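Biologist: I'd love a close look at a single part of this one, the meeting of two chains. Could you take me through it slowly and then place it in its surroundings?

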Amino acid sequence: MRVSNTAIGLFLIVFAGTVLVYVQTFPSLDNGYPGPALFPRVLAVLFLLAGIGLVFEGRRSGEKLLKFDLGPITRAGLINIGLMLAVILAYIYLSDLLGFMILTPLLLLIMAKWLGVKTHWSLVLAVGLTLVIYVLFAKILLVPLPWGLWGW
Amino acid sequence: MRKKALVALGVTVLMMAAGGWTAASAADYPQRPITLICPWGAGGGTDAVSRIIATLLKKELGVPVNVVNRTGGSGAVGHTAMATAKPDGYTIGMPTVEITMMHWMGLTEITYQNLTPVCMVNFDSAAINIRTDAPWATYKDLENYIRANPGQLKDSGTGQGGIWHLAMAGWLKAVGFAPTDIKWIPSKGAAPALQDLMAGGIDMSSCSLPEAATLIDAGKVKPLAVMAPERDPKFPDLPTLKELGIDWTCGAWRGIAAPKGTPAEIVAVLEKAIEKVVKSDEFIKFMQNRGFGIYWLNSTDFAQALAQADKDNGEIMKAAGIAK
Amino acid sequence: MEHILTAVSLIAQPYVLMIICISALYGLFVGAIPGLTATMATALLVPVTFFMDPVPALAAIVTMEAMAIFAGDIPGALVRIPGTPSSAAYVDESYALTQKGRAGFVLGVDVTVAAIGGMMGAVILIALAPMLAEIAMRFTSFEYFWLACIGLSCSVLVTKGSLLKGLISLLIGLFMTTVGVDITLGYPRFTFGITDFLNGFTFIPAMIGMFGVSEVMRNVTGDGCQCNVGAVQTQKLFNGIGPVLRKYRLNVARSGLVGTFVGILPGAGADIGAWIAYALSKKFSKEPEKYGTGHIEGIVDAGTANNAGLGGAWVPALVFGIPGDSITAIVIGVLFMKGLRPGPMIFQRTPEILYAVYIAFIFANLILIPFGVLAIKTGSQMLRVPRNMLMPAILMFCIVGAFAINNTTFDVGVMLACGILAYIMESNDIPVAPAILGIVLGRLLEESFMVSMIKSDWDLTVFFHRPVSAVLGVITVILWSSPVIAAWRGRRRVAEQVATEEAVCEPKIKELT
């Protein structure tokens with residue numbers, strides 16, 4: 001997923017501007033010395049300069065102003081990425097509800113099937129890995145996993 | 001075909017989930033592992049106390065008690081996690097003195113009222129610690145120096161608005177000094193502050209005695225006075241501020257609490273179990289070795305202490321200009 | 001002498017040796033799984049050590065941390081996900097070698113230099129602890145500020161390609177550390193009222209996202225490594241390592257010293273030590289152009305330094321009871337629990353315990369080689385798994401690891417966001433390594449600067465008042481100005497050349513005038 005240097009540069013300039021405006025709301029130290037705002041402000045100024053630099057570089061190389069190009073990624077590849085991200089999102093939102101012991105094999109099964117693993121191997125992966133992680137984390141290392149409603 | 005199977009699986013899962021909602025009950029508590037939230041990082045004093053309590057509590061209750069460190073925001077993240085957990089007794093936490101202070105700083109909306117107090121287990125008083133080669137032999141020397149040179153000395157021990165900052169602010173107020181007569185230098189905790197003290201970056205640290213104990217042993221740091229109601233048995237020669245005519249005590253405490261709305265029966269089970277833990281030989285030996293003071297308050301007394309501390313701390317923080 | 005013999009007899013007992021072996025396995029597991037850190041593992045050991053004698057308890061911790069820091073290299077080399085933050089500095093370098101089919105070689109070098117580095121740290125701890133602790137105790141915010149600046153200069157050295165894009169990456173990392181509670185006023189910055197943001201971007205989920213998730217994303221699009229890395233050569237793991245060590249023996253010595261000293265400083269740990277060693281390695285290398293393409297030299301340096309740092313961290317912990325890192329913070333607690341006070345007391349009253357710790361250090365680094373080889377052989381089986389089964393498994397380990405560090409799905413979200421960010425960055429030739437460095441150093445940089453300014457009422461010259469600080473300041477200025485001077489010299493050389501050419505061409509004019 002490539003975009004032009006000019007576009008990145010413009011984005012950085014807008015971002016830096018937003019930060020500079022937003023940090024105005026931060027309080028300053030006694031005697032008016034800069035406090036919490038100082039570091040973000042310095043970084044924003046540097047972002048601004050880097051953004052301007054990128055825009056210059058982009059203009060000089062004569063690239064298209066707003067190039068957006070998926071590169072070698074195929075449509076299928078894009079959907080695969082989408083699925084991976086959806087799996088992470090599912091984990092974030094469903095783990096409290098379903099708990100580790102249900103959600104993990106389910107997501108593993110979906111991913112493996114989608115990536116073209118044979119059904120029996122997918123099942124081996126889903127159940128096997130879930131048990132490995134469970135024993136390793138919850139039983140040996142005593143690291144809590146999302147318990148879900150039943151307290152798995 | 002596969003789709004149908006997936007749908008069926010999904011439906012089963014949801015039904016099981018719905019069944020789970022009603023499963024929790026207070027009568028046969030506890031049945032499954034309990035999570036104990038520690039609002040400070042692994043390696044600190046609160047982490048150590050919560051882990052020893054978790055280990056001993058496991059023996060009392062017969063279920064695993066897992067310590068989870070939820071750090072950040074000067075304790076705000078962990079305390080919020082305690083307050084917003086499901087009030088079923090399976091998530092409890094170790095609140096520290098900061099619960100009565102953070103909301104005055106505007107860091108969080110959470111106050112002690114969002115928790116169900118179970119008990120207090122530990123209390124450590126602040127002290128005034130200086131370098132051994134500092135020019136002040138006694139507390140009075142230091143006080144006279146501050147009077148003659150206001151704003152010259154630097155003190156540290158916690159972040160801005162932390163408990164040792166409050167200890168300094170209250171002490172200055174009790175003596176009649178202005179809050180700015182000693183400059184407060186924020187730090188990430190007592191250990192880095194003490195290192196800075198040795199390196200000469202600051203002049204004193206108002207952290208607690210157990211935190212400074214190793215450096216006192218090493219002859220690098222010297223306590224001048226302790227902000228406790230009475231002398232510490234480990235430092236019998238160290239005067240309290242009260243003896244020196246200054247009416248100020250301050251210290252950090254640790255306790256156990258559950259989210260607000262936890263059933264009273266569950267709180268009673270926890271209170272009884274933790275009382276046994278706190279009075280066990282293992283716990284007493286552990287606390288003695290670490291130099292931590294054991295201070296037991298049951299749930300009613302703890303609730304009162306919380307309310308009082310919250311009010312007092314708010315007043316001092318406002319007077320010192322720390323609070324919003 | 002008798003203390004040493006007592007100490008040996010304390011260690012050389014079947015029970016203690018068994019504990020050491022178990023904790024070695026434990027350390028290897030923890031180190032190899034991203035999200036489980038040596039610190040967390042040590043904290044989990046505390047309730048167990050409560051029921052142990054001090055010597056097995058301390059030996060267990062020493063062994064575990066040595067194993068964990070090495071084991072972090074294994075997933076780093078095999079799938080480009082550093083198992084612990086200390087391996088982040090050279091993960092790209094290792095992975096590049098793996099893609100060339102040399103994973104066995106990288107890991108063989110890793111385990112060897114880890115053992116050597118760990119041994120150096122231990123020897124320095126044994127020989128010089130009290131003296132070095134005194135030096136480390138002179139470091140205050142002024143010195144730490146310069147140290148962070150020196151660390152930042154690494155970013156130039158670890159950047160491949162456009163320096164401007166390297167700078168942007170560094171800024172992204174630094175900016176991420178500004179989220180959360182500020183040091184000066186305790187003001188919540190960029191939190192938008194969300195409690196979880198008060199903690200900022202936790203480093204480990206961010207690291208897992210930037211390396212692990214982005215790599216999974218590249219792989220499932222077919223954009224990633226298509227080359228078949230094949231089975232890892234684990235049969236002849238140590239082939240070709242002898243010449244490498246001989247060639248880079250000075251690197252090993254230098255990085256061992258650097259790593260140990262950075263480890264001694266309470267404000268900096270093995271991860272910063274590895275970055276600095278890597279940067280120095282490139283700075284003084286005869287072949288700096290090869291860095292980033294799979295050159296073993298940087299791995300030798302950084303791999304030595306991070307294990308050397310472990311011994312260093314025990315120096316201030318044992319001498320003054322001030323922890324050199326988060327693991328030794330827990331160790332101090334364990335010592336207290338056993339009625340042993342760190343400080344002069346432990347040196348005078350119970351020297352046999354102290355010697356037992358020393359012997360445990362040496363022993364742990366000796367058994368690091370066989371145990372490490374075992375871990376490499378086990379871990380390498382991972383690459384035999386077909387890619388379409390491996391990717392879901394890696395993603396699941398990433399998720400569970402990010403969750404485990406703070407037990408919150410918020411950190412899984414941090415991981416996701418950082419993964420997407422890193423994917424976009426790398427597709428546009430913005431390197432990820434400087435951003436990781438920025439996250440490592442951002443807080444140290446800001447906090448040491450702000451605290452120094454509050455101490456001195458905004459007098460900037462204060463950074464040169466103290467002797468140590470002034471020396472570090474001068475080093476920083478030299479490091480930072482050297483590229484500028486080099487550029488200026490280069491330009492002058494061009495100008496001189498032009499001038500001489502002109503002079504050659506137009507001597508007659510001069511003669512005329």
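Modeller: Happy to: the contact between chains B and C comes first, then the core, the domains and chain A.

A word on the ground rules: this is a predicted model, in which local features need pLDDT (the predictor's confidence in each residue, from 0 to 100) of at least 70 and side-chain atom pairs count only at pLDDT 80 or more, while totals for chains, interfaces and linings use all residues. Residues are numbered from 1 along each chain as its sequence is written, with chains lettered from A and ligands numbered from 1 in the order in which they are written.

Now to the contact itself, which takes 44 residues from chain B and 47 residues from chain C; two residues count as being in contact if their C-beta atoms, placed from the backbone, lie within 7 Å. On the chain B side, the elements giving two or more residues are helix 2 (45-61), strand 2 (65-69), helix 3 (76-84), helix 7 (190-199), helix 8 (209-217) and helix 10 (281-290). These elements are DSSP runs numbered from the N terminus: helices are H or I with at least four residues, strands E with at least two. Helix 7 of chain B supplies the largest share of this side, 7 residues. By class, the chain B side has 18 nonpolar, 18 polar and 8 charged residues, where Ala, Val, Leu, Ile, Met, Phe, Trp, Tyr, Cys and Pro count as nonpolar, Asp, Glu, Lys and Arg as charged, and the others, Gly among them, as polar.

B:L194 is a good residue to zoom in on. Leaving aside residues up to four places away in sequence, B:L194 touches B:S205, B:C207, B:A212, B:L215 and B:V221, as well as C:I322 across the chain boundary. In the largest nonpolar core, with 345 residues, B:L194 and C:A360 touch the most other members. The biggest contribution to this core, 18 residues, is from helix 7 (residues 103-136) of chain C. Such a core is a set of buried Ala, Val, Leu, Ile, Met, Phe, Trp, Tyr and Cys residues joined through C-beta atoms within 7 Å; buried means that 20 or more other C-beta atoms lie within 10 Å of a residue's own.

Stepping back to domains, whose bounds come from an automatic or database domain assignment, chain B is divided into domain 1 (33-123 + 252-319) and domain 2 (127-226). Their centres, taken over C-alpha atoms, are 27 Å apart. Here 13 residues of domain 1 of chain B meet 12 of domain 2, and helix 11 (residues 299-319) gives the most to the domain 1 side, with 4 residues. In chain C, domain 1 spans 2-465 and domain 2 spans 466-513, with C-alpha centres separated by 40 Å. Their contact takes 12 residues from domain 1 of chain C and 11 from domain 2.

Lastly, chain A has 5 helices and 2 strands. Its radius of gyration, taken over C-alpha atoms, is 24 Å, well over the 15 Å that the globule rule gives for 152 residues, so chain A is more spread out than a compact globule; that rule is 2.2 Å times the number of residues to the power 0.38. Confidence in chain A is lowest in strand 2 (residues 68-69), at a mean of 67, and highest in helix 1 (residues 5-22), at 94.

Notes
Buried ≥ 20, exposed ≤ 12 C-beta atoms within 10 Å, placed from the backbone.
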